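Colleague: I should like to learn how to read the features of a model such as this one. Could we go through them in turn, with the general idea stated before the case at hand?

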Amino acid sequence: MILGRLPLYRQWKSKYATHFKRRRFDRIMALVPVDPGKPVRILEVGCSGGKDFVQFLDGTAAEVWGVDLDDTSAKNITQENFHFLAADGEHLPFEDKSFDLVVSVGLLEHIEPMEKLCRMIAEFDRVGVHQLTVIPSASTFLEPHCGKLRFPMRLETSMLGDQPGQPLHLNFFSDHTWTKFQGFHDCQVKKIYYLAPLIRNTVIYR
């Protein structure tokens with residue numbers, strides 16, 4: 001059973017999770033020297049419908065860009081300071097250091113194969129002066145995607161390979177391992193609770 005595909009979970013995410021997402025937004029933004037109250041340029045890769053990050057920049061002075069594979073979800077983002085571009089995160093169509101901040105929330109744990117993940121992280125580094133990446137922590141007690149306890153600590157064979165029901169592929173690395181990716185080589189790492197004491201995130205930032 002994959003928790004993220006249950007109607008009850010989707011209802012909680014759409015109606016009740018905003019408070020926790022806002023709290024996480026405030027915590028991660030405090031880690032980087034980027035003030036959205038000023039005319040800075042911020043890019044979220046894998047923006048989807050903007051519920052994890054973009055929505056909290058509504059009404060600010062920031063110029064906000066979102067990138068995703070298509071506009072299926074992003075077309076519902078109506079805030080005036082938002083611009084969308086359909087693109088793959090491993091080939092971002094922007095010039096070097098063209099954004100003050102590049103953000104991804106809950107994206108990199110889904111990216112495979114490893115070569116694609118490496119290229120995507122390198123792109124974050126290339127186009128952004130600062131960056132914020134939020135991923136599920138390997139030390140989280142409850143893995144929110146699948147609702148399993150201590151999921152990162154064990155091999156879940158039902159989620160490997162091509163199987164009926166669209167198996168969920170998840171990457172989990174230690175904080176130390178994440179810093180070994182070339183695009184994260186000069187970043188810092190911090191753990192924060194998304195929903196204490198169950199769900200913990202790792203934040204990689206510069």
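Modeller: Let us begin with a helix, bearing in mind that the model is predicted. In helix 2, the buried residues are F20, K21, R24, F25, I28 and M29. Viewed down the axis of helix 2, these buried residues fall within an arc of 155°, so they line one face of the helix.

Colleague: What is the general reason that residues three or four places apart in an α-helix point the same way?

Modeller: An α-helix has 3.6 residues a turn, so residues at such spacings point the same way. As for its length, helix 2 spans residues 18-29, which makes 12 residues. From first C-alpha to last, helix 2 reaches 16 Å, close to the 16 Å expected at 1.5 Å a residue.

Colleague: Let us turn to the sheet. In what order do the 7 strands of the open sheet stand?

Modeller: In general, strands of a sheet pair through backbone hydrogen bonds, either parallel or antiparallel. Here the open sheet has the order 3-2-1-4-5-9-8, and its pairing is mixed. Strand 3 (82-86) and strand 8 (188-195) are at the edges with a single partner strand each, so one side of each has no neighbour in the sheet. From one strand to the next, the twist averages 20°.

Colleague: How many bridges join strand 4 to strand 5?

Modeller: Strand 4 (residues 99-105) and strand 5 (residues 128-136) run parallel and are joined by 6 bridges. V105 stands opposite V134 in strand 5.

Colleague: Which strands does helix 2 touch?

Modeller: Helix 2 packs on the sheet and touches strand 4, strand 5, strand 8 and strand 9 (199-205). Its direction makes about 160° with that of strand 8. Helix 3 (residues 114-127) lies across strand 1 (41-45), strand 4 and strand 5, and runs at about 145° to strand 5.

Colleague: What should one look for at an edge strand, taking A86 in strand 3 as the example?

Modeller: Accessibility and contacts are suitable starting points. A86 has 47% relative accessibility and therefore counts as partly exposed, since the partly exposed class lies between 20% and 50%. Leaving aside residues up to four places away in sequence, A86 touches D68, L69 and D70. A86 and A74 are 12 residues apart along the chain, and their C-alpha atoms are separated by 9.5 Å.

Colleague: How many disulfides does the model contain?

Modeller: A disulfide is a covalent bond between the sulfur atoms of two cysteines. With sulfur atoms required to lie within 2.5 Å, the count comes to 0 disulfides. Regarding accessibility, C118 is partly exposed, with a relative accessible area of 38%, whereas C187 is buried, at 12%.

Colleague: Backbone geometry remains. Which residues does the cis peptide bond with omega of about 0° join?

Modeller: That cis peptide bond joins E112 and P113, and P113 is placed in the loop between strand 4 and helix 3. Another cis peptide bond, with omega of about -5°, joins A196 and P197. P197 lies in the loop between strand 8 and strand 9.

Colleague: Where is S48 found, and what is its phi?

Modeller: S48 is found in the loop between strand 1 and strand 2 (63-68). Its phi is near 50°, a positive value in a residue other than glycine. K97, which is not a glycine, also has a positive phi of about 50°, and K97 is found in the loop between strand 3 and strand 4. S48 is partly exposed at 37% relative accessibility, and K97 is partly exposed with a relative accessible area of 42%.

How values were computed
Residues are numbered from 1 along each chain as its sequence is written. This is a predicted model: local features need pLDDT of at least 70, side-chain atom pairs count only at pLDDT 80 or more; totals for chains, interfaces and linings use all residues. Side-chain values use heavy atoms; hydrogens and water are left out. Helices (H or I, at least four residues) and strands (E, at least two) are DSSP runs, numbered from the N terminus. The expected span of a helix is 1.5 Å times one less than its number of residues. Buried means under 20% relative accessible area, exposed over 50%, partly exposed in between (1.4 Å probe, protein chains only). The arc is that of the directions from the helix axis to the C-beta atoms. Two strands pair if DSSP finds at least two bridges between them. Axes are lines fitted to C-alpha atoms, for helices over the stretch in contact, and angles run from 0 to 180 degrees between N-to-C directions. Contact means heavy atoms within 4.5 Å.
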